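This report considers helix geometry, helix packing and aromatic contacts in turn. Please consult the sequence and coordinates shown here alongside the text.

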Amino acid sequence: MSTTWDKAKDAAKMLDVAIKGMEQLQTLTKIGGDKAGAALMAIDVGLSSIASGFEGTTSPEIVEADIKAAVESMMEGLASNDAGAASDLDKKFPT
Amino acid sequence: MRHTKDPKWLKDSSWFALRVLIVIIVACQVTMVASNLASCTSHGRQDTIHATYLTTNAARDAFVAWDKQHQAEIVAGATSHDDGIAKLSAYHEKRAEVADLFVKMYQSIVAAQEANDDLTVTTMVNLMLTVKTTVETFTKGVP
């Protein structure tokens with residue numbers, strides 16, 4: 001099971017791809033000025049740049065076990081937070 | 001145990017609050033753009049699903065971290081043990097709606113993965129937008 005740090009790095013890769021695509025999109029849109037057609041063409045090119053950014057990356061299938069683990073991770077995290085808060089409350093107001 | 005291994009910057013509460021928004025907003029942009037590509041290439045569809053999965057996980061982790069911080073704030077502001085219990089219970093009730101939404105988000109990823117149509121991908125992306133809106137509203141306006 002991947003760690004939070006691994007997942008953060010994966011997310012960062014995706015963000016990097018998105019940001020590069022968005023930057024190219026912005027540049028191309030400026031070149032196109034206010035003309036809607038030019039802007040649309042720029043968007044198409046921007047989308048293509050994002051698509052090419054995706055190429056070469058591995059996108060494995062998400063299996064049900066991944067989803068089960070993801071949901072369990074959330075539930076365990078929230079339960080741990082609840083227990084911590086209850087403990088802190090008991091310490092603050094000892095009976 | 002997982003939280004004890006997080007790097008120091010991941011534990012900073014203000015960074016987490018910001019990260020919730022940044023990750024979800026950019027995730028939505030990625031998934032929306034990628035969804036347009038999904039119908040063009042088979043890789044595009046799988047990339048969209050995978051990107052949504054990764055970003056949902058990142059948003060989930062950020063939300064869980066924010067939850068910890070928020071519960072600590074509730075305890076800090078409690079005027080008595082009973083007051084703290086009441087406020088935490090009220091918060092848990094509202095938080096359950098967000099947790100359910102994350103579960104639905106994950107279910108939509110499974111549906112998109114198992115099906116071979118555009119509808120499930122579109123539904124998944126739209127749900128991502130709902131998650132973004134709900135988490136934004138929730139983290140700004142919870143009791």
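In this predicted model, helix H3 of chain A comprises 29 residues, which at 1.5 Å a residue should span 42 Å. The C-alpha atoms at its ends are 42 Å apart, so the expected and computed values agree. The expectation rests on 1.5 Å times one less than the number of residues.

H3(A) covers residues 64-92. Its buried residues are A:Ile67, A:Ala70, A:Val71, A:Ser73, A:Met74, A:Gly77, A:Leu78, A:Asn81, A:Ala85 and A:Leu89. The chain to which this helix belongs contains 3 helices and 0 strands, arranged along the sequence in the pattern α-α-α. Of the 95 residues in chain A, 33% are buried. The accessible surface of chain A amounts to about 5900 Å², and carbon and sulfur atoms account for 60% of that area.

**Packing between the chains**

Two packed helices are described by the angle between their axes and the distance between the axes. For H3 of chain A and H4 of chain B (residues 81-114), the angle is about 175° and the axes lie 10 Å apart. Because angles over 145 degrees count as roughly antiparallel, H3(A) and H4(B) are assigned to that class. The residues of this contact comprise 16 nonpolar, 3 polar and 5 charged.

**Aromatic contacts in chain B**

Over all chains, the structure holds 6 aromatic pairs. Two pairs that involve B:Trp66 are listed below.

| Pair | Centre to centre | Angle between planes | Class |
|---|---|---|---|
| B:Trp66 and B:Tyr91 | 6.4 Å | 55° | tilted |
| B:Trp66 and B:Phe138 | 5.8 Å | 65° | edge-to-face |

The pair of B:Trp66 and B:Tyr91 links distant parts of the chain: B:Trp66 lies in helix H3 of chain B (residues 42-77) and B:Tyr91 in helix H4 of chain B, with their positions 25 residues apart. The pair of B:Trp66 and B:Phe138 likewise joins distant parts of the chain, since B:Phe138 belongs to helix H5 of chain B (residues 118-141) and the two residues are 72 residues apart.

Are the residues B:Trp66 and B:Tyr91 buried or exposed? Both are buried. For B:Trp66 the relative accessibility is 7%, and the residue therefore counts as buried. B:Phe138 has a relative accessibility of 9% and so also counts as buried. The cut-off behind these assignments is under 20% relative accessible area.

Ring pairs connect B:Phe63, B:Trp66, B:Tyr91, B:Phe102 and B:Phe138 into a cluster.

Definitions and conventions. Residues are numbered from 1 along each chain as its sequence is written. Chains are lettered from A and ligands numbered from 1 in the order in which they are written. This is a predicted model: local features need pLDDT of at least 70, side-chain atom pairs count only at pLDDT 80 or more; totals for chains, interfaces and linings use all residues. Side-chain values use heavy atoms; hydrogens and water are left out. Axes are lines fitted to C-alpha atoms, for helices over the stretch in contact, and angles run from 0 to 180 degrees between N-to-C directions. Helices (H or I, at least four residues) and strands (E, at least two) are DSSP runs, numbered from the N terminus. Angles under 35 degrees count as roughly parallel, over 145 as roughly antiparallel, 65 to 115 as roughly perpendicular and the rest as oblique. Ala, Val, Leu, Ile, Met, Phe, Trp, Tyr, Cys and Pro count as nonpolar, Asp, Glu, Lys and Arg as charged, and the others, Gly among them, as polar. Buried means under 20% relative accessible area, exposed over 50%, partly exposed in between (1.4 Å probe, protein chains only). Rings of Phe, Tyr and Trp (its six-membered ring) pair if their centres lie within 6.5 Å; planes under 30 degrees apart count as stacked, over 60 as edge-to-face and the rest as tilted. Accessible areas come from the Shrake-Rupley method with a 1.4 Å probe; for residues, only the protein chains shown count as cover.
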